[in-house]
Each structure stands twice: as C-alpha cells, then as structure tokens.
Amino acid sequence: MILVTGGAGFIGANFVLDWLAQSDEPIVNLDKLTYAGNLETLASLDNNPKHIFVQGDIGDSALVDRLLAEHQPRAVLNFAAESHVDRSIHGPEDFVQTNVLGTFRLVESVRGYWGGLPAEQKAAFRLLHVSTDEVYGSLSASDPAFTEENKYEPNSPYSASKAASDHLVRAWHHTYGLPVLTTNCSNNYGPFHFPEKLIPLMIVNALAGKPLPVYGDGMQVRDWLYVKDHCGAIRRVLEAGRLGETYNVGGWNEKPNIEIVHTVCALLDELRPRLDGRSYKEQISFVTDRPGHDRRYAIDARKLERELGWKPAETFDTGIRKTVEWYLDNAAWVHNVQSGAYRDWVKKQYEAA
C-alpha cells in the first residue's frame, strides 16, 4: 500500500492511473479537491478496490495520522500543492498554507508514523516529495541547465513556497533521519491538464474561437516534460533513489512559449481545421507580461539517467501530438472541468491585460 497526496490533480492523477495500470499494489489517494482537483479524471477507477479515495487536506494532521495508522503504507508520495504562478501572485496566502504549513504538518505526521514502525518496515519506508525546477530561479540564454547543485533563488510566491517545502523535507531528513527523496521537475504537459496552463489553454481557446493569450514577447523558455514520462521517473526514484537525494526530472525539450503555441496551432490546423480554412495562429494575442516572469528554465537530468537509468520516452513532437489528440477526443472532460470559477479566473487574468 502507498499513500498519495494530491492524487486528483494533474500530475498526481496521472501517477495514480499509471500506477494502478502497472501494479497490483493499492493506493490511498488523499486530495483536498480544490479547483484543480478533479475526480472525473479518476472516473475509470470508480469500481477499483485498489483505489481508496479520501477527500481531505494534508494540513489536517488528525486525518493524516488516522490514514497512516489505518492503512500502514510503505511509502508516502506528496504531490499536493498549489501550483499556478499567476494564482500565487494574486493570492499568495493559499500557497503558504498548502505548500509550507501543509508540508510541515505532513512531514510531522509521517515522522511520527515512521518512528513507530518495526525495524524492517522502518528501513524500507520512503517519503517522496514532488517539487519544481522553479525553485532554482531564472536562467540567462547562455547559462547551463539547472543541476541538483544549483542554489535556490525562487522569484514568485509559488516557487518560494515550494522552495520552503523542499527545505522542510531536507531538514527532516538531516535532523530526524526521515527517509526522504525529492524530485524537481520541469514544465509538465499531457492528458488531464487543467486548462489554465499554457498548452491546454491554447487548445481550449483555439477551438472556442477565442484569443490565444501569450505573455510579453512569448520568448520565455521552458523545458517540457510529458507527464507520463514524469510519472515513470517518480516510480524509478521511489524504487531505487538514494535517501536524502534530490533528482531533477526534465524532458530535454527547451522551447520558447511562442514556439509551443505555434506547434499547437499547426496540430489543430491539421487535426481540427477551422471552418473558414484559416490558421489558428491568427487568434494569437500578445498580452502584458506577468510580474517577475522568469525568462528561462532548463533541467539537466543526467544524474537521474546516470544513477537510475531513467530518460524520457517521448520527444516533444510525439508528446505534444498525443496531448492535442487527447484534448480533441475528451471534449466532455474539458467541458466539465470548466466551472464558473475557472471561467472567472481566465477573465480576470487575461481580459484585463
């Protein structure tokens, strides 16, 4: 049995689905079901006895303590996080509550549970904390990619709160001996991505005939990681990662945002052409850049490949095609996830820009 937190969000839900497709080991899935947590993503597991869903907060120590005592997991994987930079700029307190205080309460509960395990189970137990490359700050065009040795220089309320969570996990390992592993990933994309992030937002807005909002000049560079590749990396780190170590997970796909948008438009032109025969690129609209927008992220994932033999299976070309096809084939999921709160958010964020 493993306990997954945040397992109804984008990366967590993909991990749960992939895990149960490949393993008979059950999962207890704890998720608060905020705006980005979506049980419809997990609908295929409705009658699966190996998936035990619990709605709740990682900051609810009594609940977490009870789940640990009741289910006796051999590992805890922490995906739970507020994770959208724009939202963190408008409302940073939620990010501090979940990513800092929530992580603190989670590691304390896990420490108490782990400390009471029999020796053999105690030695085998792991806490894997899933984080982001944004904790390292921003790179210039000529800087080498982030390695695990880069110092932390977070530039947004989101990345600062994730940096704090990473430091807590590290400190609980060095102070208390808690057996932890940390992964720092680049930008994920793929199925079930909440449509406020760049790629799904472009797909959804294009099909709806709406503007495709691109911040600034669109030349912000990110490394793009297909979400199922990320899930495979996490499974591998859980299986064989060295205790106390950090592993950077990247897709080896550095691309500027405007190139991503052009690629999405070209795929939609091919797979779902506009009725007027014109390109979706005509819907691109450049909007005022967000405050403190990091210019470039890039991940050096050689440590993960060298030590654990992992490398991504998807190229960007194969991954982005699968992603666009998934959104075209799952219009009902997209429609249902677009609640009033989501529409209000997009209106607030882009129409006033």
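**Pocket, sheets and helix packing**

Helix H6 contributes six residues to the lining of the largest pocket, the largest share of that lining. The model described here is a predicted one. The volume of the largest pocket is about 420 Å³. Its lining comprises 18 residues, of which Glu148, Tyr152, Arg170, Gly244 and Thr246 are the closest to the pocket centre. Two elements, helix H6 (157-176) and strand E6 (180-185), each give two or more residues to this lining. Sorted by class, the residues lining the largest pocket are five nonpolar, seven polar and six charged.

Helix H6 also packs against helix H4 (residues 92-115). The axes of H4 and H6 come within 8 Å of each other and cross at roughly 15°. Angles under 35 degrees count as roughly parallel, and H4 and H6 are therefore roughly parallel to each other. The crossing in which H4 passes H6 is right-handed.

Strand E6, the other element named in the pocket lining, belongs to an open sheet of seven strands. The strand order in this sheet is E3-E2-E1-E4-E5-E6-E10, and the pairing is parallel. Strand E3 (51-55) and strand E10 (246-249) are the edge strands, each pairing on one side only. On average, and with direction ignored, neighbouring strands of the seven-stranded sheet are turned by 20° against each other. At the E3 edge, strand E2 (residues 27-31) runs parallel to E3 and is joined to E3 by five bridges. Within this pairing, aspartate 31 stands opposite glutamine 55 in E3.

A further open sheet is formed by three strands in the order E7-E9-E11, with mixed pairing. Strand E7 (187-189) and strand E11 (254-256) are at its edges; each has a single partner strand, so one side of each is left without a neighbour in the sheet. Neighbouring strands here are turned by 50° against each other on average, direction ignored. Strand E9 (residues 221-226) pairs with E11 in the antiparallel sense, over three bridges. In the E11 strand, lysine 255 is the residue opposite arginine 222.

A second helix pair is made up of helix H7 (residues 198-207) and helix H9 (residues 257-271), which pack with their axes 10 Å apart and at an angle of about 40°. That angle makes H7 oblique to H9. As with H4 and H6, the handedness of the crossing was assigned, and H7 passes H9 in a right-handed crossing.

Enclosed space was examined as well. Three cavities of 30 Å³ or more were found in a search of the whole structure. The second largest cavity holds about 40 Å³ of space. Its lining is formed by Val85, Glu134, Asn155, Ser156, Arg290, Gly292, His293, Asp294 and Tyr297. By class, two of the residues lining the second largest cavity are nonpolar, four are polar and three are charged.

Definitions and conventions
Residues are numbered from 1 along each chain as its sequence is written. This is a predicted model: local features need pLDDT of at least 70, side-chain atom pairs count only at pLDDT 80 or more; totals for chains, interfaces and linings use all residues. Side-chain values use heavy atoms; hydrogens and water are left out. On a 1 Å grid over the protein atoms alone, a cavity is a set of points where a 1.4 Å probe fits but cannot get out, and a pocket is an open set with protein on both sides within 12 Å along at least five of seven lines; lining residues have an atom within 4 Å of a point. Grid points are joined across faces, edges and corners, and a volume is the space filled by probe spheres set on the points. Ala, Val, Leu, Ile, Met, Phe, Trp, Tyr, Cys and Pro count as nonpolar, Asp, Glu, Lys and Arg as charged, and the others, Gly among them, as polar. Two strands pair if DSSP finds at least two bridges between them. Helices (H or I, at least four residues) and strands (E, at least two) are DSSP runs, numbered from the N terminus. Axes are lines fitted to C-alpha atoms, for helices over the stretch in contact, and angles run from 0 to 180 degrees between N-to-C directions. Angles under 35 degrees count as roughly parallel, over 145 as roughly antiparallel, 65 to 115 as roughly perpendicular and the rest as oblique. A crossing is left-handed if the near helix is turned anticlockwise from the far one by less than a right angle, and right-handed if clockwise.
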